Amino acid sequence: MSMLKASYIITLLSGIGIFNSCTGNFINFPEYRQQAVYLQRVDTAYGNYLAGRVAHLRQDYDNASRFYMKSIEKGLDNEDLLGKAYIILASQGKIEKAVKYANMARQKGDKNNFIDVINAVHAFKHGNYKFARAELNDIHEKTYQQLITPLFNAWAYVGENNYAQAQKELQKLEKIEEMQTVYSLHGGMIADYFNDTEKAKEKYGYIINDKANDMSFRALQIITNFMARNGNKEQALDLIAKYYGTSNIKEMLASLKKKVEKGSKNTPKLISSADDGMGEVFLEIGLLFKSVPMGYDYAQIYMAISQYFNSDNDVAKIAMADIYEERYMLADANRYYDAIGKDSELYYPAQIKMANNLAAEKKYDKATRILKKILRKDPDNFQVLFNLGDILRISNDQPSAIKYYTKAVDSIFYESNKYWPVFYALAVSYDKNNEWLKAEENLKKALKLSNRHPQVLNYLGYSWLKYNINTDMAASMILEAYEKDPEDGVIIDSLGWVYFKTGDYNNAIMYLEKASELNPQNAVISDHLGDAYWCGGRKNEAVFQWKQALSQKEDSGELNKKQIKNKIESGLNGLKPLTITDENIKKSLHSLNEITE
């Protein structure tokens, strides 16, 4: 988490305009895959460009950069292609290659400021600090002048062993309120690098005493490392304990605590070179841009540059993986998670995230193996138990899911509103395992803890309708869920089902059609709409919807395909409508129709 405010970066972003997006729209249709395979065989400048473009659109950055470079080598070296090449290479941290194409683009007339960034970064890495500063100082955008350039210049002077000038550069940030924590953190790191222990204590002390709530986990690592090396273990442990009290990162903090306890004056500094410091600069900037939706493309490039300077920073790996997850590039995200070693404070969180991604890719066996391995060392880890239950539930192993959800519940010291999802998930597994009374018990608990969350209201109300019990309460709960979330297609389906089960087929059709529009691939909704059409006299449309339901993917386990086939052959007969006795609920259903009409 960045120690700068999102509002500040939004202000800076308003005029940045330094480079084009490095990402394309995600396209993963079969025809694109076939086209990419075909184009790989056409080893011409334009053929490689088209292959690169297809790979770029599919967010296959390795192949995109490879094909772009081949296309340039074969003579297609226009400004647009060169721009794509150096941006995508920079987004992968391949600065040694990016600098070549950036300067070719500059010779073609490309005035993109990011060329200066690449040149500055490359020069810094190779020890040419004076040239690096000159390149970056040529950029006059507010973002650079107020945020990046002072930090960059300070660490460049560190590279030249010029402590006084490094401090002078940092002081440019001192008067900007939003930059106080960043100024103090980098001031502390630079003072520590030059063994100015008292100055480092002063700078870190400002963060600890005045900005503790804004402290990132990376800052906590750096400051406690400093304390442990300088004989202040107890203060470091107190700081971790305070941080623990305001966070949900139990495993990371426990691991950090162990490192502090083992620390001594011989413990290596986390920031031991100018390159390490520059890695922190670009990590901070990357996290800052990542905190706002419009900044994700920038964030990816700055994170990659951070790793170019310091490939051992696991916080940067986690942040980069998170960016890939946001783009649903789960295999790429897992490459970063897998690169985090067992000794890292971030190892277990990374393993959990990797397991979740594998589950999302339906690689359930691999996901469960990872989580069970963690449990062998930490058998009462609530989050791992909960996640393992989720994966087993999704893969339809309900008895095992119930086992791990129950263990997760047993690991809770006290029932808090933050734990309602585990009771809800346990209820779903009990329901799928045909243990309705246990499901109902846990749904009621989840309902209380969640302050009547619409999802829980809907599940319990719909289930009662499904079992033809508690009709009044079921209708009341579904109405309440709809009032809280009127655009949720599943809740709208349940509302339509209230009308259907009580014999009001016209209103059932109206709501079920809306639910189908919102969730066109939901087989259960298609089945419900078919039932409503049949009872409303629209029999051809009913058969169409039932056939549609059979053709759609359905993972909930609720759909009875045999019954649907029977309905297609023989129709829907023998229905006995349920009765609502509460006059207030009747009025609510009636008034809802008047509003809709």
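Met189, Asp192, Tyr204, Ile222, Asn225, Arg229, Lys269, Leu270 and Ile271 line the second largest cavity of this protein. The elements that give two or more residues to that lining are α11 (180–193) and α13 (217–229). Helix α13 supplies the largest share, three residues. Sorted by class, the lining holds five nonpolar residues, one polar residue and three charged residues. The volume of the second largest cavity is about 50 Å³. The model in which this cavity is found is a predicted one.

How many cavities of 30 Å³ or more does a search of the whole structure find? The search finds two. The largest cavity has a volume of about 70 Å³. Its lining is made of Leu185, His186, Met189, Ser216, Arg218, Glu280, Leu283, Glu284 and Leu287. Two elements, α11 and α16, each give two or more residues to this lining. Helix α16 spans residues 274–290, and the largest share of the lining, four residues, comes from α16. The classes here are four nonpolar, two polar and three charged residues. Met189 is named in the lining of the largest cavity and also in that of the second largest.

From these cavities one can step back to the protein as a whole. It has 597 residues, of which 54% count as buried. Its secondary structure comes to 33 helices and zero strands. Along the principal axes, the C-alpha trace spans about 90 × 65 × 45 Å. Among contacts with a separation of 6 or more, 60% are between residues 24 or more positions apart.

In soluble globular proteins, nonpolar side chains tend to be buried together. The largest nonpolar core in this model has 197 residues. Tyr86, Phe124, Phe282, Ile305 and Val422 have the most contacts inside that core. Ile305 can serve as an example: with neighbours within four places in sequence left aside, Ile305 is in contact with Ile95, Phe114, Val117, Val121 and Phe282.

Helix α8 (residues 129–137) shows how burial can be arranged around a helix. Its buried residues include Tyr129, Ala132, Arg133, Glu135 and Leu136. Why do they lie on the same side of α8? They cover an arc of only 160° around the axis, and therefore share one side of the helix. An α-helix has 3.6 residues a turn, so residues three or four places apart point the same way. The cover over the buried residues of α8 includes α7 (114–125), α9 (142–159) and α16.

Further along the chain is helix α22, which covers residues 382–394. Asn387 lies in this helix. Is Asn387 buried or exposed? Asn387 counts as buried because its relative accessibility is 7%, and the cut-off for buried is under 20%. Not counting residues up to four places away in sequence, Asn387 touches Ile352, Asn356 and Leu371. Asp390 is found in α22 as well. With neighbours within four places in sequence left aside, Asp390 is in contact with Tyr405 and Ala425. Asp390 and Asn468 are 78 residues apart in sequence, and their C-alpha atoms are 28 Å apart in space.

Helix α22 also takes part in the second largest pocket. About 1,300 Å³ of space lies in this pocket. Its lining has 39 residues, and Lys432, Tyr459, Glu554, Ser556 and Glu558 lie nearest the centre. The elements that give two or more residues to the lining are α22, α24 (420–432), α26 (454–466), α28 (489–501) and α30 (523–535). Helix α26 gives the most, with seven residues. The lining divides into 13 nonpolar, 14 polar and twelve charged residues.

Two loops that follow helices of this pocket hold asparagines with positive phi. Asn434 lies in the loop between α24 and α25 (436–449). Its phi is near 60°, a positive value in a residue other than glycine. Asn434 counts as exposed because its relative accessibility is 72%. Asn470 is found in the loop between α26 and α27 (471–484). Asn470 has a positive phi of about 50°, although it is not a glycine. With a relative accessible area of 32%, Asn470 is partly exposed.

Note on methods. Residues numbered from 1 in each chain as written. Predicted model: local features only at pLDDT ≥ 70, side-chain atom pairs only at ≥ 80, totals over all residues. Heavy atoms only, no water. Buried < 20%, exposed > 50% of the residue type's maximum accessible area, 1.4 Å probe, protein only. Contact = heavy atoms within 4.5 Å. Arc of directions from axis to C-beta. 1 Å grid on protein atoms, 1.4 Å probe; cavity = no way out; pocket = protein on both sides within 12 Å on 5 of 7 lines; lining within 4 Å. Points joined across faces, edges and corners; volume = space filled by probe spheres on them. Nonpolar A, V, L, I, M, F, W, Y, C, P; charged D, E, K, R; others polar. Core = buried A, V, L, I, M, F, W, Y, C linked by side-chain atoms within 4.5 Å.
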